[in-house]
2 protein chains.
Amino acid sequence: MIELSKAEFEVLDALWLNYPATASQIIERLSDEKQWHEKTIKTLLGRLVKKGALSFEKDGRQYIYTPCMERAEYTLKESQNFIERFFSGRIAPLVSGFAKSEQLSQQDINELKKVIDDWEKQQK
Amino acid sequence: MIELSKAEFEVLDALWLNYPATASQIIERLSDEKQWHEKTIKTLLGRLVKKGALSFEKDGRQYIYTPCMERAEYTLKESQNFIERFFSGRIAPLVSGFAKSEQLSQQDINELKKVIDDWEKQQK
DNA sequence: AAATTATGATTACAGGTGTAATCTAAACTT
DNA sequence: AAGTTTAGATTACACCTGTAATCATAATTT
């Protein structure tokens, strides 16, 4: 699995919003939430390329970046990894921990029910 | 939140198995799964103490370590953090990602149903 | 054409991390 | 009592990370 740092992920996440995109577009998108210097974001873009998380094409002297994987694919791997590390690979204990500490809303419950429902339908 | 590295967490996890415990007991427990040198584990214990994740009492020249928090408490915080970062704080999309990629077993579904059930009962 | 600007590349630098080795002193052996 | 072992403390060191600044160069402006 490609290992991304927190900051690297946030840059990639800004690209996932809409891609391909140039560095300046990504910087623009991040400018609301983060106080990062433009140089910082460029450094992170470079590291993402080096790690194989992004590819780019040249357009004049600019680069046009594209993620090398989909967000869902990446977050799935991260999730598996997380659940393996903290809950021996079982997902229910994670949800159960939320329930016990009153972190679940009725909306969460409804959404979870739907996921279960869909899963069962799909099993037929 | 106390931030622990991967390796630090694994050492703490070995202590959570049964505590209080001495360094040598922890080293013994980890010896099956990890190829860590004894010195490495001692370094990690020291870092855990420094970060405030462990406390200890002296017993002759040995230390007897105790975690400063419960496992469930720590994993809950990590989970919240994780879900915030990758799923904007919503838990259902994480579970849904597992479902879509066929990572859910019937057992997982049963366990999830029980969590939901218990939650609903508790709401009365 | 010269000056300025903007882009990516390279360099910087402190603090965290994995992975120990060495040091120091107390406890145990002989 | 002297030597040896062992526990924790200190030091080591390369790579990762956050956070840029500087450099080289191509494009744009004047």
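**Figure 1. Residue classes at the surface near DNA strand C in the predicted model.** By class, this surface holds nine charged, six polar and four nonpolar residues. In total, 19 residues surround DNA strand C. The closest are A:Arg61 and A:Tyr63 from chain A, with B:Ser5, B:Thr43 and B:Lys51 from chain B. Of the atoms of DNA strand C that come within 4 Å of the protein, 60% belong to sugar and phosphate.

**Figure 2. Polar side-chain atoms of chain B beside DNA strand C.** Three residues are shown, each beside another part of the strand. For B:His37, a polar side-chain atom is placed 3.3 Å from a phosphate oxygen of DNA strand C. For B:Thr40, the partner is a sugar or linking oxygen of the strand, at 2.7 Å from a polar side-chain atom. B:Arg47 has a polar side-chain atom 2.9 Å from a base nitrogen of DNA strand C. Two elements of chain A, α3 (38-50) and β3 (62-67), give two or more residues to the surface near the strand, as do α1 (6-16) and α3 (38-50) of chain B. With four residues, α3(B) gives the most.

**Figure 3. Surroundings of A:Thr22 in strand β1 of chain A.** Strand β1 covers residues 21-22. The relative accessible area of A:Thr22 is 11%, which is under 20%, so the residue counts as buried. Beyond its neighbours within four places in sequence, A:Thr22 is in contact with A:Gln62, A:Tyr63, A:Ile64 and A:Tyr65. Of these, A:Tyr63 is also among the residues closest to DNA strand C.

**Figure 4. Lining of the largest pocket.** The pocket has a volume of about 590 Å³. Its lining consists of 24 residues. Nearest the centre lie A:Glu78 and A:Arg85 of chain A, and B:Glu78, B:Phe82 and B:Arg85 of chain B. Helices α1 (6-16) and α4 (71-87) of chain A each supply at least two lining residues, and so do α1 and α4 (71-87) of chain B. Twelve of the lining residues are nonpolar, eight are charged and four are polar.

**Figure 5. Surroundings of B:Arg29 in helix α2 of chain B.** Helix α2 spans residues 23-30. Apart from neighbours within four places in sequence, B:Arg29 is in contact with B:Ala14, B:Leu15, B:Leu17, B:Asn18 and B:Ala21. B:Tyr74 is 45 residues away from B:Arg29 along the chain, and the C-alpha atoms of the two are separated by 21 Å.

Key: Residues are numbered from 1 along each chain as its sequence is written. Chains are lettered from A and ligands numbered from 1 in the order in which they are written. This is a predicted model: local features need pLDDT of at least 70, side-chain atom pairs count only at pLDDT 80 or more; totals for chains, interfaces and linings use all residues. Side-chain values use heavy atoms; hydrogens and water are left out. A residue is near a molecule or strand if one of its heavy atoms lies within 4 Å of it. A polar contact is a pair of N or O atoms within 3.5 Å; within protein, one must be able to donate a hydrogen and the other to accept it, and residues adjacent in sequence count only if both atoms are side-chain atoms. Ala, Val, Leu, Ile, Met, Phe, Trp, Tyr, Cys and Pro count as nonpolar, Asp, Glu, Lys and Arg as charged, and the others, Gly among them, as polar. Buried means under 20% relative accessible area, exposed over 50%, partly exposed in between (1.4 Å probe, protein chains only). Contact means heavy atoms within 4.5 Å. On a 1 Å grid over the protein atoms alone, a cavity is a set of points where a 1.4 Å probe fits but cannot get out, and a pocket is an open set with protein on both sides within 12 Å along at least five of seven lines; lining residues have an atom within 4 Å of a point. Grid points are joined across faces, edges and corners, and a volume is the space filled by probe spheres set on the points.
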